[in-house]
Amino acid sequence: MKVLVGLVFIINMVFANGYLESIYENIILKNTNKAIEQATQLQKVLEKGNQTEAQKEFAFLAEKWKQVQAFYLLGELNSSYIDTPRYIDIYHHGNEDITVQLQRVVASDDGLEIALFKHSFKTINALEYILFSHDTTNQRVKDIALIITQTIHGYLQDIHTGYTQNKQLFMKNEQKANAMMLNALIESSYKLKEWRVGDAAGLSRKYKGDVDSRRAEYFLSKNSQKAIEAIINTHLDILDNRAFKNYGSLIESYGIKKELDQSIKHLKNAQKKLHLIDDDNFTKAKPLFEELHNLHTNYFITLIGELKVTAKVLDADGD
């Protein structure tokens, strides 16, 4: 009997590991590689000095970064990487106005190693301001954009290295992997509905009744809708039918199909409502917000209940 139980346990572990490895390779590492490649591409375009092309490549970088950020597990695998995303992206973190400070950097004669001394000055948010509010034919502006892009590239490389080194930690414990993945989806869906849609649409707890599209994540470059779409598409890659085994496949293997299908339905409905925020205008975003609210509720209550994992508590104004 002990031998039989041990054999069943080993078979189950191998069975689960096939799903976990596929998720790691086809989503986590693949998305990180794509973000690195896009940062490299943006560097090349910036070096050539074509601002219009650089702005287009920035949109792709924002999209690829959202794919990484939406399913960020590395901080759970290795606490050394908890803060790395904030070195890339400060949206909704802190109260500083980096546009005022970066304007001083552009106007200053100080060396850029000194002038760009703060982490926030070398984030994707800073890069958006530089590329969409300044002329990159100005050598100093171009140099600032290149330094920021190189810094982002470096942090993305760090994330890739961290994921590569910590893969076995993810693979060895199916229960912990489940908790990490579901908590990542819950956190991402909360920030999607509350921060990225709700704040601009005047529907979040913080800005109830106060619509202001300028609160959107990439309002300056009008890439907020694309960023939201990238996050939704990432969730679908994680849960919906794909050519590879994903988290949805694993959930379905547990017999939890009805609840999984409901999450996928909310994601696809949200996709159909993205047109409501065309040109980053959030005045008619309520149906999209409601769909994302339903998605978050489905993750937070239904899937957690069925998968029997513990959820992290989210703070409305932070993590």
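These exercises walk through one predicted model, each with a worked solution.

Residues are numbered from 1 along each chain as its sequence is written. In this predicted model, local features need pLDDT of at least 70, side-chain atom pairs count only at pLDDT 80 or more, and totals for chains, interfaces and linings use all residues, while side-chain values use heavy atoms and leave out hydrogens and water.

**Exercise 1. Confidence**

Find the average pLDDT of the chain, then locate stretches where pLDDT is under 50.

Solution.
- Start with the term: pLDDT is the predictor's confidence in each residue, from 0 to 100.
- The chain averages a pLDDT of 92. Of the residues, 92% score at least 70.
- Next, go to residues 1-14, where pLDDT stays under 50. The model gives this stretch one contact (heavy atoms within 4.5 Å) beyond four places in sequence.
- Residues 315-319 also have a pLDDT below 50. This stretch has 16 contacts in the model beyond near neighbours in sequence.

**Exercise 2. Fold and overall dimensions**

State how many helices and strands the chain has, and check its radius of gyration against that of a compact globule.

Solution.
- Helices (H or I, at least four residues) and strands (E, at least two) are DSSP runs, numbered from the N terminus.
- The count is 14 helices and zero strands. Read from the N terminus, every element is therefore α.
- The radius of gyration is taken over C-alpha atoms, and the globule rule is 2.2 Å times the number of residues to the power 0.38.
- For 319 residues, the rule gives a value near 20 Å. The chain has 21 Å, which agrees.
- Along the principal axes, the C-alpha trace spans about 75 × 45 × 30 Å.
- Now look at contacts between residues at least 6 apart in sequence: 76% of them join residues at least 24 apart.

**Exercise 3. The largest pocket**

Describe the volume and lining of the largest pocket.

Solution.
- Work on a 1 Å grid over the protein atoms alone. A pocket is an open set of points where a 1.4 Å probe fits, with protein on both sides within 12 Å along at least five of seven lines. Lining residues have an atom within 4 Å of a point.
- Grid points are joined across faces, edges and corners, and a volume is the space filled by probe spheres set on the points.
- The largest pocket holds about 880 Å³ of space.
- Its lining has 23 residues. Nearest its centre lie Tyr-91, His-92, Glu-96, Arg-214 and Arg-215.
- Helix H5 (98-107) and helix H7 (124-133) each supply at least two lining residues. H7 gives the largest share, three residues.
- Sort the lining by class: eight nonpolar, six polar and nine charged residues. Here Ala, Val, Leu, Ile, Met, Phe, Trp, Tyr, Cys and Pro count as nonpolar, Asp, Glu, Lys and Arg as charged, and the others, Gly among them, as polar.

**Exercise 4. Two residues of helix H2**

Decide whether Lys-66 and Gln-69 are buried or partly exposed, and list their contacts.

Solution.
- Buried means under 20% relative accessible area, exposed over 50%, partly exposed in between (1.4 Å probe, protein chains only). Across the chain, buried residues make up 53% of the 319.
- Lys-66 sits in helix H2 (residues 51-69). Lys-66 counts as buried because its relative accessibility is 0%.
- Beyond four places in sequence, Lys-66 contacts Asp-89, Arg-196, Glu-217, Tyr-218, Ala-227, Ala-230 and Ile-231.
- Gln-69 is in H2 too. Its relative accessible area is 22%, so Gln-69 is partly exposed.
- Outside the four nearest places in sequence, Gln-69 touches Asp-89 and Arg-196.

**Exercise 5. Positive phi**

Which loops hold His-92 and Asp-279, and what is the phi of each?

Solution.
- Most residues other than glycine have a negative phi.
- His-92 has a positive phi of about 70° and is not a glycine. It lies in the loop between H4 and H5.
- Asp-279 has a positive phi near 60°. Asp-279 belongs to the loop between helix H13 (257-272) and helix H14 (286-307).
- With a relative accessible area of 57%, Asp-279 is exposed.

**Exercise 6. A residue of helix H11**

Is Gln-225 buried or exposed, and which residues does Gln-225 contact?

Solution.
- Place Gln-225 in helix H11 (residues 224-239).
- Its relative accessible area is 18%, so Gln-225 is buried.
- Leaving aside neighbours within four places, Gln-225 contacts Leu-274, His-275, Ile-277, Asp-278 and Asp-280.
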